[in-house]
Amino acid sequence: RQLPWQTMMFAQGDRWHRSRLFTQMLFTQGIDAIVLALPSPSGAVENASIRPWCVAVPIGEELYLFEPTWGLPIPSQKDGGIATLREAKADPNVLRRAKLPGQFEYPVEQKDLETLVALIDCDPFAVGLAMHTLQKSLAGENRIRISMDADRFEERVLKIDSKLSVRLWNVPWLSYLYNESLRDRLTEQSP
């Protein structure tokens, strides 16, 4: 229900509030990111049924994985770097390392990665022509990215992993609607 700026300003939020803040900070710096989600245990992939899992950053031909609960990257088995989705799908030890027997059972296993949904965390205003036009006029060292071509980004993600089901994540849009509704109700009630 809260927006990324609220998570940063008040230093409060659950793992998905923090992941949205992370993806939006990456976005402003020109780095794309997606949220990978698992289907429900029944196999449903509708927005209300999916279970967000981690943040993935596409770099080159790989999707690098970050765990929002930890606030850290998922470690690679190979070189101590950051695990990729391709590596996690191929090697069960990548996600097995996240378990602490008797203390913490990591909720995702290699077999869960067969059917993933890639959610694009896109601010509702970022897809509009106005933001695209404004971004083109920004210059200098303080330039940030404020617009997104979601279709082009979807193509890029599918080139990396064609088995992903890519869609816009509805949470950013619902967060704005919730905050707008709250603001309207507070305005109506104030004297």
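## Exercises on a predicted model

Along the sequence, the protein runs α-α-β-β-β-β-α-α-β-α-α-β-α. The model is predicted, with local features needing pLDDT of at least 70, side-chain atom pairs counting only at pLDDT 80 or more, and totals for chains, interfaces and linings using all residues. Residues are numbered from 1 along each chain as its sequence is written, and side-chain values use heavy atoms, with hydrogens and water left out.

**Exercise 1.** State how many helices and strands the protein has.

*Solution.* Step 1: take helices (H or I, at least four residues) and strands (E, at least two) as DSSP runs, numbered from the N terminus. Step 2: the protein has 7 helices and 6 strands.

**Exercise 2.** Decide whether Ser-162 is buried or exposed, and place Ser-162 relative to His-132.

*Solution.* Step 1: Ser-162 sits in the loop between helix 6 and strand 6 (165-168). Step 2: buried means under 20% relative accessible area, exposed over 50%, and partly exposed in between (1.4 Å probe, protein chains only). Step 3: Ser-162 has 62% relative accessibility, so Ser-162 counts as exposed. Step 4: from C-alpha to C-alpha, Ser-162 and His-132 are 28 Å apart in space, and 30 residues separate them in sequence.

**Exercise 3.** Give the share of the protein's residues that count as buried, and the share of contacts that join residues at least 24 apart.

*Solution.* Step 1: by the cut-off for buried residues, 39% of the 191 residues count. Step 2: contact means heavy atoms within 4.5 Å. Step 3: among contacts between residues at least 6 apart in sequence, 52% join residues at least 24 apart.
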